[in-house]
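Colleague: I am new to this structure and should like to understand the terms used to describe it. May I put some questions to you?

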Amino acid sequence: MESRSGCSTREELVRRHCAAPGESTLADVAARVARTLAEVEPAPARAAWQERCFELIASARFLPSIPILSNAGRSGQLAACFVLEARDSLESIYTTLARAA
């Protein structure tokens, strides 16, 4: 699927929302994300997991959520959503929101 600019939708998504400075392709983003995700693996297995993640993401057979694609290797935030516990009262809702802010 192409956009008005002639770029594929995937390329635009990567460029606008996922690419870190110096990155311009899904493969660039995949390399950063795969390296970051593999960091939690034991050292002997890290390279294999990094390559496996890279291949899946770069080929678009698996695409993590936008927050993961955008933030992996750039910040510690990889979650796409949060669950905040609030009771069924305005006071509890506002207190929960204030704590989250």
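Colleague: Leaving aside its neighbours within four places in sequence, which residues is Val33 in contact with?

Modeller: The model is a predicted one. In it, Val33 is in contact with Ile57, Ile68, Leu69 and Ala72, once neighbours within four places in sequence are set aside.

Colleague: Which residues make up the largest nonpolar core?

Modeller: That core has 9 residues in all: Val14, Cys18, Leu26, Val29, Ala30, Val33, Ile57, Leu69 and Ala72. Two elements, α1 (9–18) and α2 (26–38), give two or more residues to this core, and α2 gives the most, with 4 residues.

Colleague: What makes Cys18 buried?

Modeller: Buried means under 20% relative accessible area. Cys18 has a relative accessible area of 1%, and is therefore buried. Cys53, with a relative accessible area of 18%, is also under that cut-off and so is buried.

Colleague: Why is α1 called oblique to α2?

Modeller: The two helices pack at an angle of about 50 degrees, with their axes 9 Å apart. Angles under 35 degrees count as roughly parallel and those of 65 to 115 as roughly perpendicular; the angle here belongs to neither class, so α1 is oblique to α2.

Colleague: Which residues meet where α1 and α2 are in contact?

Modeller: Arg10, Val14 and Cys18 in α1 meet Leu26, Val29 and Arg32 in α2. By class, this contact has 4 nonpolar, no polar and 2 charged residues.

Colleague: Why is there no bond between the sulfur of Cys53 and that of Cys18?

Modeller: A disulfide requires cysteine sulfur atoms within 2.5 Å. The sulfur of Cys53 is 16 Å from the closest cysteine sulfur, in Cys18, and is therefore too far for a bond. The structure holds 0 disulfides.

How values were computed:
Residues are numbered from 1 along each chain as its sequence is written. This is a predicted model: local features need pLDDT of at least 70, side-chain atom pairs count only at pLDDT 80 or more; totals for chains, interfaces and linings use all residues. Side-chain values use heavy atoms; hydrogens and water are left out. A nonpolar core is a set of buried Ala, Val, Leu, Ile, Met, Phe, Trp, Tyr and Cys residues joined through side-chain atoms within 4.5 Å. Buried means under 20% relative accessible area, exposed over 50%, partly exposed in between (1.4 Å probe, protein chains only). Contact means heavy atoms within 4.5 Å. Axes are lines fitted to C-alpha atoms, for helices over the stretch in contact, and angles run from 0 to 180 degrees between N-to-C directions. Angles under 35 degrees count as roughly parallel, over 145 as roughly antiparallel, 65 to 115 as roughly perpendicular and the rest as oblique. Ala, Val, Leu, Ile, Met, Phe, Trp, Tyr, Cys and Pro count as nonpolar, Asp, Glu, Lys and Arg as charged, and the others, Gly among them, as polar.
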